[in-house]
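User: I'm new to reading structures and I'd like to know what stands behind the labels people use. Can you take me through this one?

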Amino acid sequence: MSHKATIPIWLFIGILLTIYGVLILGAGISSFSSAEGASWAMASLHLQIWWGLLLIALGLTYVISFWKKRDGGSGNEPR
C-alpha cells in the first residue's frame with residue numbers, strides 16, 4: 001500500500017509570508033533615505049523594515065515547523 005505524504009497548507013502560507021516579507025523589506029530599504037508620502041512620525045520609525053522583518057520571521061517559523069524532514073522514516077509508517 002502506498003502512503004502519500006500530505007503537504008500542510010501552513011507550509012505554503014509560511015512561504016508566502018516569507019516572500020511578502022522580503023518584498024516589503026526590500027521596499028523599506030530602498031526608501032530608507034526618503035520620507036515621501038508618510039508623516040514625520042511614521043517616517044522616523046521605518047515601518048516597512050519592521051513589518052518586513054516580522055513577516056520574514058513568522059514565515060520562516062511556519063516553513064521550518066511544517067517542513068517534512070526526509071530522514072528515511074521514523075519507523076511509524078504503516079506496512
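Analyst: Start with Y62 and F66: both sit in helix α3, 4 residues apart, which is about one turn of the helix. A helix here is a DSSP run of H or I with at least four residues, a strand is a run of E with at least two, and the numbering goes from the N terminus. Before we go on, this is a predicted model, where local features need pLDDT of at least 70 and side-chain atom pairs count only at pLDDT 80 or more, while totals for chains, interfaces and linings use all residues. Residues are numbered from 1 along each chain as its sequence is written, and side-chain values use heavy atoms, with hydrogens and water left out.

User: What makes F66 buried, partly exposed or exposed?

Analyst: Look at its relative accessible area: under 20% is buried, over 50% is exposed, and in between is partly exposed (1.4 Å probe, protein chains only). F66 has 30%, so it counts as partly exposed.

User: How many aromatic pairs does a search of the whole structure find?

Analyst: There are 2 of them. Rings of Phe, Tyr and Trp (its six-membered ring) pair if their centres lie within 6.5 Å; planes under 30 degrees apart are stacked, over 60 edge-to-face, and the rest tilted. In one pair, the ring centres of W10 and Y62 are 5.5 Å apart and the planes make 45 degrees, so we call it tilted.

User: Which parts of the chain does the pair of W10 and Y62 tie together?

Analyst: W10 belongs to helix α1 and Y62 to helix α3, so the pair joins parts that are 52 residues apart in sequence. Both are partly exposed: W10 has a relative accessible area of 40%, and Y62 comes in at 25%.

User: And why is the pair of Y62 and F66 called tilted?

Analyst: Their ring centres are 6.3 Å apart and the planes are at 45 degrees, so this pair gets the tilted label. Ring pairs thus link W10, Y62 and F66 into a cluster.

User: How do you know that the length of helix α3 agrees with what it should span?

Analyst: The expected span is 1.5 Å times one less than the number of residues. Helix α3 has 20 residues (47-66), so it should span 28 Å, and its end C-alpha atoms are indeed 28 Å apart.

User: Which residues of α3 are buried?

Analyst: They are I49, G52, L55, I56, G59 and V63. Down the axis of α3 they fall within an arc of 130 degrees, so they line one face of the helix. The arc is taken over the directions from the helix axis to the C-beta atoms.

User: What covers those buried residues of α3?

Analyst: The cover includes α1, residues 9-30. In turn, α3 is among what covers the buried residues of α1.

User: What are the buried residues of α1?

Analyst: L11, G14, L17, T18, G21, L25 and G28. Seen down the axis of α1, they fit within an arc of 115 degrees, so they too line one face of their helix. The face turned away from that buried side carries the exposed residues I9, L23 and S30.

User: What makes T18 count as buried or exposed?

Analyst: T18 has a relative accessible area of 15%, so it's buried. Apart from neighbours within four places in sequence, T18 is in contact (heavy atoms within 4.5 Å) with L55, I56, G59, L60 and V63. Its side chain also reaches the backbone nitrogen of L60 at 3.4 Å.

User: Why is W67 called exposed?

Analyst: At 52% relative accessibility, W67 lands in the exposed class. W67 sits in the segment after α3, and its C-alpha is 6.7 Å from that of L11, although they are 56 residues apart along the chain.

User: Is A5 buried or exposed, and what makes it so?

Analyst: A5 has 56% relative accessibility, so it's exposed. A5 lies in the segment before α1; from A5 to K68 it's 63 residues in sequence and 8.9 Å in space, C-alpha to C-alpha.

User: How many helices and strands does the protein chain have?

Analyst: It has 3 helices and 0 strands. Buried residues make up 16% of its 79 residues.

Notes
Polar contact = N/O pair within 3.5 Å; in protein donor to acceptor, adjacent residues only side chain to side chain.
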